[in-house]
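Please read the following account alongside the sequence and the coordinates. It proceeds from the overall form of one chain to the contact between chains, and then to individual residues.

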Amino acid sequence: MNELVFFINNVVVSGTVSSSIYAMGAIGVTLVFSIMRFAHFAHADMMTLGAFFVLGLTMLFPEVGVAVGLPSALILMPIAMVLTAIVAVGIDRAFYKPLRDHNVKPIVLVIGSLGVTLMLQGLIRLFAGTGSRSLYIAERKDIFRLELPGELATRPIVITEPQIILFFCTVGAVVALHWFLTRSRLGKAMRAMSDNPDLARVSGINTNTVIAVTWMIAGALATAAGTLLSLDVVLKPDLSFFLLLPIFAAAIVGGVGHPYGAIAGGFVVGFAETLAVFNWAVLLRPFQDMLPAGWELPTYLAFVGTEYKITVPFFILVAILVWRPTGLFKGKVL
Amino acid sequence: MKLSAMPQSRRDLLLFLTLLIPVFGVFLAMGPAYGARMSVEAACYAIIALGLTIQWGYAGQFNAGVMGFVALGGVSAMLLSVPPNPDFWNSDLPGELARVLLTLVAGIALVVATSRLHRLGVSRRIRTVLTVGVALIAYLTFINQLTPVASAIESQAGFIGGMGLPAWVGWLVGGALAGGIGYFIGHICLGLRSDYLAIATLGIAEIIKAFLKNADWLTRGTATVSPLPWPTPGAGELGFVLSRSIYLSITAVMIAVIFFLLHRAYHAPWGRTIRAIRDNEVSAAAMGKNINKRRLEIFVFGCVLMGIGGAALTSFNSIFDPSGYLPLNHTFLVLAMVILGGPGNNLGTLFGAVLVYIIWIMSAPVALFLMDLVVMAGQAWFGWESAGNLDSRALQARVFVIGLLISLVLRYAPKGLMPERVPHHR
């Protein structure tokens, strides 16, 4: 049973955590991809930027959360989401809109977003330094240990407060997004524009508004993902290139232009990563007695070492591009 | 006369003459040894940038993983030119390593054979499942054999050492290695939209770096390998300025040869085909051109150039440090060089390489100077406390400067300072 607990702690919990982060990032990427038709490389830095806004606010008001019993960073997150949404719209106006107005190829917008990535990274590091920081300033991180009933399991299932918050936030974001895209006028306009931009424009949809709303959603979700990730681990300014590949892989696996596909893709990529680096020898250990004498189980049996975690999203990406470029949910191949 | 109204050749000449000012400025301000080092590094970057300009400028393929190909060039320059490691060759480890490599070859052969099973009448679905299964088993066997041998090499000999060959052999092999990986990536992604190529190259670059950083038996990982031999007499014999100048002349000859070959290729039917594919894929296909093959060719050629340039750069720095390969220094800097100079214009790319490299190395001292000014003013007027670590923060100004440069160029000079010259035949 201890092996099973180990599996739950190391695969189910941590897999869900990274999957939720990837899913939230991938929703933003897939929305931008389907509405503006370019791969937005600055998305991971938007996450970092949002998390740094939260850090700044938390340093200003470290005691806010005490009254409610939640981390102050979480209480202040909505303000940071609004700030990042404004910044995202501003970035679009300043850097992407001029390019769009010149009718450039989408790949030039990708290069533009790389320029934005570097500027954001440079600014963040210039002001905040390169070290890692914790978002818990006045409080401590709560850790829950769930003891399992029965004699067999002696070790508890460990889950932390930010992880629980993360699950609830992901579910909330997904439900809200679903409601927005299917019920509201703007959401329907977004879907129309993603299907056919010219047709959407001639039917009287204000494409500029749709684009601005897309950036707001992307910025807000990026902030949420970045903050929750930094609450769970630490806040580092150089997250971006390690997050970018899994997020893109998730968006493409889910099918570009499908927010629900992006969520599924996030979970596929997140769990594939966790399962690939998991040491399967631990789970096989109880069966050691059943093996014939002389057969030894290896002590370490993982598909890739932790240091090569980044290869997993890459090979998922390659496999999906080779076999099914539309993604699992029949998205677009742009 | 306005700059944009000039005939292009005069404009190019004027731009190059203007470029001499910052070059001499660096020589005067930082001394000739520093200036010579900067020139050699700019020349190596120019070779890498020529590789990117044929991918992005000639063919419109965007490679966001230049760093990976540069690192491949670097590792092969290191492995071929560093003297052999007697600890490794005198033990029984080479035999074991050869056995592991044989397993790898056998595994690959088995996987390829399985993937051909449909020719024997096995249905395609079963073949795919079988291939994936065989590949997994072969991979796990290989890893299980490699791990003990690798850790034995690490504990007994440090790393496998080099081959003691001349440095230029390593450069050529580096180009070939980068081209091979480029073939693999291009084969998968070139049929799709260019965004996917950018994402995939970004990924492969990080993977190459992770491999070089963690394969201690091959590269010593973070312990770094130094010194790497130069193909020319080193600084110990001739002094910094002279030895660096000789190195510079070698890279200059390489650039001249590459430049000549590219110029011929660009104006040959092959180059016209490439441009036709870039500008209008559909009509090029209608003319009967083999689009995917031409694209793959140019992608591989670009990667070869990046490998050679990266090898020359690593040899010059005389240290192989896998964690020293950064996306910023080796991907985005090159990108800025290409789009500032003029994608598709080789002369412009050389111009961009030198100019951006000067901006790059000068931005940290200038930023430090500015920050000192601000802090001093702050202390005098408002009584600020200095934040300390200003040096490391000023270094980060480079990141911002390169990003700003890319954004500004895309906005105000989308064709670069020396736009591609499209020949018009009457």
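The paragraphs below treat the chain fold, the interface, selected residues and the salt bridges in turn.

The model is predicted, and local features are described only where pLDDT is at least 70. Chain A contains 13 helices and two strands. Its C-alpha atoms occupy a box of roughly 75 × 50 × 40 Å along the principal axes. The radius of gyration of chain A is 21 Å, which agrees with the value near 20 Å that a compact globule of 334 residues would have. Of these 334 residues of chain A, 55% count as buried. The contacts within chain A can also be sorted by separation in sequence: among those between residues at least 6 apart, 75% join residues at least 24 apart.

The interface between the two chains comes next. Contact between them involves 45 residues of chain B and 55 residues of chain A. Together the two chains bury about 4,300 Å², and 79% of this area lies on carbon and sulfur atoms. On the side of chain B, the residues that lose the most area to chain A are R193(B), Y196(B) and I199(B), which together account for 16% of what that side buries. The rule finds zero salt bridges across this interface, while two residue pairs, both at pLDDT 80 or more, are in polar contact between chain B and chain A.

Which helices of chain B each supply at least two residues of the side that touches chain A? They are α6 (124-156), α7 (167-189), α8 (194-214), α15 (327-341) and α17 (390-412). The largest share, 14 residues, comes from α8(B). Sorted by class, the side of chain B that touches chain A has 32 nonpolar, seven polar and six charged residues.

Three single residues illustrate local surroundings. In chain B, G51(B) is located in helix α2 (residues 32-58). G51(B) counts as buried because its relative accessible area is 0%, under the cut-off of 20%. Residues up to four places away in sequence aside, G51(B) is in contact with G302(B), L305(B) and M306(B). The C-alpha atom of G51(B) is also 7.2 Å from that of F301(B), although 250 residues separate the two along the chain.

T219(B) belongs to helix α9 (residues 216-219) of chain B. With a relative accessibility of 0%, T219(B) is likewise buried. When residues up to four places away in sequence are left out, T219(B) touches V75(B), M78(B), F159(B), L212(B), V225(B) and F320(B).

In chain A, S184(A) is placed in the loop between α6 (161-183) and α7 (185-195). Its relative accessibility is 15%, so S184(A) counts as buried. What does the side chain of S184(A) reach at 2.7 Å? The partner is the backbone oxygen of F180(A). The side chain of S184(A) also reaches the backbone nitrogen of G187(A), at 3.1 Å.

The final topic is the salt bridges, of which the rule counts nine over all chains. One of them joins the side chains of R37(B) and E41(B), with an N to O distance of 3.5 Å. These two residues are about one helical turn apart, because they lie four residues from each other in helix α2 of chain B. Their accessibilities may be set side by side: R37(B) is partly exposed, at 34% relative accessible area, whereas E41(B) is buried, at 7%.

A network of salt bridges links R278(B), D279(B) and E420(B). The side chains of R278(B) and D279(B) meet at 3.1 Å, N to O. Within this pair, R278(B) counts as buried at 15% relative accessibility, whereas D279(B) is exposed at 57%. R278(B) forms a further salt bridge with E420(B), where the closest N and O atoms are 3.1 Å apart. Since R278(B) lies in helix α12 (residues 269-279) of chain B and E420(B) in the segment after α17 of chain B, this pair ties together parts that are 142 residues apart in sequence. Both R278(B) and E420(B) are buried.

Note on methods: Residues numbered from 1 in each chain as written. Chains lettered and ligands numbered in written order. Heavy atoms only, no water. Contact = heavy atoms within 4.5 Å. Buried area = accessible area lost by both parts, 1.4 Å probe. Salt bridge = Lys/Arg side-chain N within 4 Å of Asp/Glu carboxyl O. Polar contact = N/O pair within 3.5 Å; in protein donor to acceptor, adjacent residues only side chain to side chain. Nonpolar A, V, L, I, M, F, W, Y, C, P; charged D, E, K, R; others polar. Rg over C-alpha atoms; globule rule 2.2 N^0.38 Å. Buried < 20%, exposed > 50% of the residue type's maximum accessible area, 1.4 Å probe, protein only.
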